[in-house]
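I set out to look up how selected helices pack in this model and what its cysteines do. My entries follow.

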Amino acid sequence: MSIWNWIMNYRFQAYANKDPQRQKMVQLATFEALDLMETNPDQSLALLNEAQGIARQLQEEWWVMFCEHWKLQILMHRKKDYATAQKLAVQAAVEVLKPQYASFPQKSCLYEDLINVYLGIDPEGYAAEIESALAYMKETVTPEKECWQCLHSLYAEFPAVRERWDVAAEPTLRFLAESQEEEHHLMYAYSSMCELLLEQQNLSKIGEFAELGLKLAESNDKDYMVVEFLAWQGLSAYQAGQHPLAQKKISAAEQASQTLASVPTRATYKAICAYYQATGQFDKALQTRHQQWDKINGRGQLMGEFVCLREICTLLKQLGQPFEAEFELAEQTAHQMKKPQRFLAQLATLKDKDEG
Amino acid sequence: MSTQQARFNLHLPGLLEVLAGSLYSSPKVGLRELIQNAHDSCTRRQLEHPERFYRPKIEIFTSAGEETLTIRDNGQGLTAAEIRDYLATIGRSYTGQLKDELAFLNPEKAQELIGQFGFGFLSAFLVADQITLLTRSVKPDQPTLKWHSAGGEFYELTELEIDPPPPVGTTITLHVKAGFSFVFDPEILEETVQQFADFLPVPIYLNGGKKPVNLTRPPWEAADPAGETLRYIQRTFYEAAPLCVIPLHDQETPLGEDDSLHVPLQGFLFIPPSSTVSVHEYGDLNVYIRRMFICDQEKKLLPNWAKFVRGVIDCPYLQPTASRESLHQDEFFGRVRQAIEQQLGQALQHIAENNPNLWKAIIYGHANLITGWAVRDDHFFKQVANLMVFRTSRGDMTLPEYLKHSPAGFYFLTRHLGTLQEQLLAEGHDTPVIDASWFAIEPFLRKYVAWAQKEIQLVQMDGDISQLFRPEPNPAVFAPLLSFYQKQAIRAQLVQFKPTDVPALMVYPADAEARLETKKALDQNELPSPFVNFVSDFVQQTGGLNDEELKGTLYLNTACPLIQKLAQFPPPAASLEATLLLLYQVARLFSGRTLSPADAVQAFRHTTQALTHLTRPTQE
């Protein structure tokens, strides 16, 4: 049974049985809460809590966990609050071990959430665990299941968050291929492609994927992805020599990001900074990284924090400004990760060059 | 080198498919366009051929048997040339042209005209596979003309000889496509006409009815605008008793330092009695431009925080998109939004200051929405900070009222009502406790503290409640009691707290149950192996799993007279032990934490044993 079939059948039964409590629970957990994910994630979380309260009263354990999955999605992808997500994801992974969840259709999603949490927190430190967890999921998830594309998105994200661009192409292209039939995932696949192309310095191709992605983001009302694709379009336009258009797109992305209810994606900041660096506006790139820092600091995303601090140090250095405090913080952040060696080496290079 | 000029070739069926099929969101729009064309025809007749006794009207007839929908107007009709130049020329609009011509000569009348782009007529092919038009122009010596099209590249135009000739005007008959029979449902048809044409001044009659189905004017232009607006809200929004209605008016919006822009604005906003579910958002408007319906549920014209407000506006500054189903979000859109925000803000301020009961009703009905958006919008927060009413353990009160009871701090519970144990502690503190179960209330309180710039402490009662305990200054007195519990492997501590009638409370670490389950899953290897490290590392990072701690700690209240008596004047050992066990089990049960069946059996066994001992007959 697929997740959405289960939901639709359940909803139908609730209406057929004239069961207002269950109707309200489904209404809150699906239509009301999920509708608000983009525009008001906090309220969306509150609705999911409310629906969970009803589910607990009714002893509808599957619904409790359905809400838990969506809470995790909001915490990770809209609020970037990995500290809270980690606790929920661990508890959920333990909870679904109970016999009543044996055939719960969203069980795999909750395991994928746990992988996702560690991808956000410390993908390098947990690389071995993530790798074997992904392999385990590949054994249990089949292509006809909804989480098949989610699994491939995790495969694509894994090298990207670790900045292992040497091995990122295959899983990213695979994700793109697997998502062709499913708009929602396809949009994220386009985003992964843009980031990969930037790292491969194949900037002329970014515009194509950004345009496709923007259309999907707009038609799916994913405002935070609209912002990201506008930023990619700006970068791409600059590379194509369309400087006024590039400026316009970047400004639009920056303005829209100010009013976003969600925290902009990692790639949004990356694209905007790449544009400013390409145009020699290092102060603006620095400003962008500071904005990112304000949004992600203290939310458990160690890798994200480290990368942001490292980029801030690099930019400060390019601007000829002191960066001891930021450097120290970056070092501290790296030390909180399980395998900090690679990142400490990056910092050392930065320092060496500075001293040189 | 020779250059040739050539015409574009139009493939009409393809164009019809694109325009009719992709431009509009719903086939109902086809009906809207035809009604508006009929309306424009009547207005043009008034403009170009004024007659003293002319009474414009539009009639709509349906025939399910013949599968036809007919729209008849007594407007100015069309000549053969006008059919060729306008009706059959896509992108050229007679009305649009006339409107441009009148823009300077008669701007008010120009505004009554709706047509603009010259392809609305095509939208009829959304619902029809064939269209027949019978028309006679008001211009002298014009024949009756029949125009027919099946949506192909060619149309037929025939001059009819009818004696006596039909009245001046146009009759359009649509042969309705299969699958669009909704137009034959009288209720749907009436609703559709009302939705699109309620405010158009030309009366519209359905199937020979004697009364027009449209209002023919907006409620704010009625003789009794207030009463008519309430009736309109009931009829259109199914809202019998809104809390209040805020009429809108023209507004000057600032443009730089010394300049301003006059925004013509009509309509009203209203506040429903409550949100239909605890969190349902409104914040939407029905939008008209010069009485022409554009869209409902437009959410971007009201400020973000105004999710408890609905309304209807008519503003000629707004620019419709080509489909006329939505608005261009240009600079004027922003100005109109600004004007609405200004008037709504002033009205709410006025209500808050002059009509506290109404304000209370608004706050009560939409409390969740208002707190939620106030946290996100500084300006709105300032407007409502001192006026919001919060539910507390001592009744409803605003934050300034609360601070009169408890000047040093806000005491709050984030779980709805909290456990009985938490409420009891709160009451013991002799302060009202705010119900902060709605996610936005705690951030609201934090924002209030920062904004009020006062020394106010925030105390979450359902966090670590041990923060409400004070250490016992003379623990030696109570050592025998502690020693008993230690022998029983029960963690216990000596503290003082209010109310002093409570002898003991059992406190567990946060998520104790979840942590116990996690421990069990790890100990018994229940997790799929690749996930074990994720879970075990998390457990380590969060302080590990101390078995003893997870069993909870019994806090003996040394301020309680019973505990003092047991310590200072202990009864015989067996009675003391029975009493202490009883206190422990009562505290466990009272804590509201889930007990395993085995725990519950043990709790009852101890309780029964203790009561049996305490109630045994005395041996005198």
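Entry 1, helix packing across chains. I note at the outset that the model is predicted. I looked up the crossing of α6(A) and α17(B) and found that it is left-handed. The side of chain A contributes Y111(A), L114(A), I115(A) and Y118(A) to the contact, and α17(B) contributes F531(B), F534(B), V535(B) and F538(B). I sorted these contact residues by class and obtained 8 nonpolar, no polar and no charged.

I then took the geometry of this pair. Helix α6 spans residues 107-121 of chain A and helix α17 residues 529-541 of chain B; their axes lie 11 Å apart, at an angle of about 60°. I therefore record α6(A) and α17(B) as oblique to each other.

Entry 2, helix packing within chain A. I examined helix α8 (residues 147-162) and helix α9 (residues 169-178), whose axes cross at roughly 160° and come within 8 Å. Angles over 145 degrees count as roughly antiparallel, and α8(A) and α9(A) are therefore entered as such. Their crossing is left-handed.

From α8(A), I listed W148(A), Q149(A), H152(A), S153(A), Y155(A), A156(A) and P159(A); they meet P171(A), T172(A), R174(A), F175(A) and E178(A) of α9(A). This contact divides into 6 nonpolar, 4 polar and 2 charged residues.

Entry 3, cysteines. How many disulfides does the structure hold over all chains? I found 0. I also checked the accessibility of two cysteines of chain B. C244(B) has a relative accessible area of 10% and is buried. C295(B), at 7% relative accessibility, is likewise recorded as buried.

Definitions and conventions
Residues numbered from 1 in each chain as written. Chains lettered and ligands numbered in written order. Predicted model: local features only at pLDDT ≥ 70, side-chain atom pairs only at ≥ 80, totals over all residues. Heavy atoms only, no water. Axes fitted to C-alpha atoms, helices over the stretch in contact; angles between N-to-C directions. Helix = DSSP H or I, 4+ residues; strand = E, 2+ residues; numbered from the N terminus. Parallel < 35°, antiparallel > 145°, perpendicular 65-115°, else oblique. Left-handed = near helix turned anticlockwise from the far one by under 90°. Contact = heavy atoms within 4.5 Å. Nonpolar A, V, L, I, M, F, W, Y, C, P; charged D, E, K, R; others polar. Disulfide = S-S within 2.5 Å. Buried < 20%, exposed > 50% of the residue type's maximum accessible area, 1.4 Å probe, protein only.
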